[in-house]
Amino acid sequence: MKCENKCGQNAVFEFDCGDDFILKLCSECRANLDDGFSEALQFFDYKHLPKDLQKISEPFSKLAIRMIWMFSDSYQREMGLQKLLEAKDCAVRCAIMQRDYSINEELN
Ligand SMILES: [Zn+2]
């Protein structure tokens, strides 16, 4: 499995970007991604969430990785990631509100 960056090295990192696009990178190319990569992605991490919220959050995470990979660092990319993060947070809150609502309904 070769690095997506066409550097000739073997890939050791895989990032699932959805739609059958798996970003595969070697350690060097992973390290060379701009500093924003890890910083941005920590807020899109979803594996720690309960299963139902993981499902809501996961597509946003995949899109964030794809955006970081496809577009070079720019103000528009930063804005896009910020808005995507806000959209993700809103979607998760919607899911929590609906979950609480259905729990309340079950109690009544
Ligand atoms: Zn590479």
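Let's start with Q9, which sits in the segment before β1, the strand at 13-16. Is Q9 buried, exposed or partly exposed? It counts as partly exposed, because it has 14 C-beta neighbours inside 10 Å. A residue needs 20 or more to be buried, and 12 or fewer to be exposed. Keep in mind that this is a predicted model.

Which residues does Q9 contact, leaving aside its neighbours within four places in sequence? They are C3, C26 and E28. Take C26. Q9 and C26 are 17 residues apart along the chain, yet their C-alpha atoms are separated by 6.2 Å. Now look from the other side. Not counting residues up to four places away in sequence, C26 touches C3, C7, Q9, N10, A11 and V12.

Let's step back to the whole chain. It has four helices and two strands. Read from the N terminus, the order is β-β-α-α-α-α. The chain has 108 residues, and 12% of them count as buried. Next, the contacts with a separation of 6 or more. Of these, 40% are between residues 24 or more positions apart.

How confident is the predictor? The mean pLDDT of the chain is 88. Of its residues, 90% reach 70 or more. Which elements have the lowest and the highest mean pLDDT? Helix α2, residues 36-42, is the lowest at 78. Helix α3 is the highest, at 92.

Now the strands. β1 and β2 run antiparallel, and four bridges join them. Two facing pairs are easy to find. F15 stands opposite L23 in β2. F13 stands opposite L25 in β2.

Stay on β2 and follow its side chains. In a regular strand, side chains alternate between the two faces of the sheet. β2 shows this alternation. L23 and L25 point to one face and are buried. I22 and K24 point to the other face and are not buried.

Let's look at I22. Its place is in strand β2. Why does I22 count as exposed? It has 12 C-beta neighbours inside 10 Å, so it falls in the exposed class. I22 touches E14, D16 and C17, again not counting residues up to four places away in sequence. Then there is E4. I22 and E4 are 18 residues apart in sequence, and 9.2 Å apart in space, C-alpha to C-alpha.

On to the turn. β1 and β2 form a hairpin with five residues between the strands. G18 in this hairpin takes a positive phi near 80 degrees. Most residues other than glycine have a negative phi. So look out for the exceptions. D19, in the loop between β1 and β2, is not a glycine, yet its phi is positive, about 50 degrees. D19 is exposed, because 8 other C-beta atoms lie within 10 Å. K6 is another non-glycine with a positive phi, near 55 degrees. K6 lies in the segment before β1. K6 is exposed too, with 8 other C-beta atoms within 10 Å.

Next, helix α3. Does its span agree or disagree with what its 20 residues should give? At 1.5 Å a residue they should span 28 Å, and the end C-alpha atoms are 29 Å apart, so the two agree. There is a bend, though. α3 bends by about 35 degrees at S57. A proline, P59, follows within four residues. Which residues of α3 are buried? S57, S61, A64, I65 and I68 are.

That brings us to the core. Nonpolar side chains tend to be buried together in soluble globular proteins. In this model, the largest nonpolar core has 10 residues. They are C3, F15, L23, L25, C26, A40, A64, I65, I68 and L81. Which elements give two or more residues to this core? They are β2, at 22-25, and α3, at 51-70. The largest share, three residues, comes from α3.

Let's tie the threads together. L23 and L25, on the buried face of β2, both belong to the core. F15, which stands opposite L23, is a core member as well. C26 is in the core, and it touches Q9, the partly exposed residue from the start of this talk.

Note on methods:
Residues are numbered from 1 along each chain as its sequence is written. A nonpolar core is a set of buried Ala, Val, Leu, Ile, Met, Phe, Trp, Tyr and Cys residues joined through C-beta atoms within 7 Å. Two residues are in contact if their C-beta atoms, placed from the backbone, lie within 7 Å. Two strands pair if DSSP finds at least two bridges between them. The expected span of a helix is 1.5 Å times one less than its number of residues. The bend at a residue is the angle between axes fitted to the seven residues ending there and the seven starting there. pLDDT is the predictor's confidence in each residue, from 0 to 100.
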